[in-house]
Amino acid sequence: MRSEVASLPGSPERPNEDWAAAALPASGAGGTVVLLDGVTPPAGDDGCVHTVPWFTARLGGALTELSGSRRDMPLSEILSHAIRRTADAHRDTCDLSHVRTPQATLVLVRWDEVSVEHLVLSDSVLLLEDPDGAVRAVRDDRLDRVPDEVLRSLAATDRLRNREGGFFTAAADPAVAERAVTGTSPRARVRALAALTDGASRWVELFAQGDWADCFGVLREEGPAGLLSRVRALEEADARAGGVRRWKLHDDATAVYAELSER
């Protein structure tokens, strides 16, 4: 297996809130990929004394350890355990019931000789390439269904955050694991995979430079760093042209690319 990871902060004035890892067992017979996109809270109280990077590092570390060591547990159960473990680490100091308590979107993938399991929660994206080169995107589209005018209101967004009829993120409630998009593919049908935070998936979703297969081609030929460089160039060009976007100019952007077998 070959894997590459690249990540860029959205601003030099703020820490990068994304978190990613690619891990292999000593036997080399399988592996796991973990990708988290920390949700930047609006200015004001979020009930927690910790930063979003603290949260994503704790949750990401727990997901990596559990997905590698507990092969008997399905990914949704691993996410539930990891959320509970992270919540326990700051339950005594923070108000975990706060709607803006630290939270993240995520992609979790685990494979062995037989199967490739996946879990996606909120707006990070998983791409799976089959041996013939076809690319399938696995997405949780619930946030896409929320109208832009609602997302422009902090109060309205908070009313939909981790609520039925809204969208879900990994925060402090282990039960959210049951809301994730999950699935399993035969190992022989997955040649390579990629995981993208929404700062990286802008190449497709915001700037429409190609479809997911085209995006995967960039990752294969130029690596994650190449894709992120392309996104930054598009953002700068859009700003110079006076483009009006509801998105911030730059977002934290992270991409993981992993080849499970030779082409």
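Me: Start with the term: what is a salt bridge here?
Reply: A side-chain nitrogen of Lys or Arg within 4 Å of a carboxyl oxygen of Asp or Glu. The model is a predicted one.

Me: Then what makes D130 and R189 a salt bridge?
Reply: Their closest N and O atoms are 3.5 Å apart. The cut-off is 4 Å, so the pair counts. D130 lies in the loop between strand 6 (125-129) and strand 7 (135-138). R189 lies in the loop between strand 8 (181-186) and strand 9 (192-196). The two are 59 residues apart, so this pair links distant parts of the chain.

Me: Why is D130 called buried?
Reply: Its relative accessibility is 16%. Buried means under 20%, so D130 qualifies.

Me: And why is R189 called partly exposed?
Reply: R189 has a relative accessible area of 40%. That falls between the 20% and 50% limits, so partly exposed is the right label.

Me: How do you know that D88 and R91 form a salt bridge?
Reply: Their side chains meet at 2.7 Å, N to O. The limit is 4 Å, so they pass. D88 is at 46% and R91 at 41% relative accessibility. Both values lie between 20% and 50%, so each residue is partly exposed.

Me: What separates E235 and R232 in helix 6?
Reply: About one helical turn, because they are three residues apart in helix 6 (residues 212-240). Their side chains meet in a salt bridge at 3.0 Å, N to O. E235 and R232 are buried.

Me: Which residues do salt bridges with shared partners join into one network?
Reply: E129, R191, R220 and E221. A search of the whole structure finds 23 salt bridges.

Terms used. Residues numbered from 1 in each chain as written. Predicted model: local features only at pLDDT ≥ 70, side-chain atom pairs only at ≥ 80, totals over all residues. Heavy atoms only, no water. Buried < 20%, exposed > 50% of the residue type's maximum accessible area, 1.4 Å probe, protein only. Helix = DSSP H or I, 4+ residues; strand = E, 2+ residues; numbered from the N terminus.
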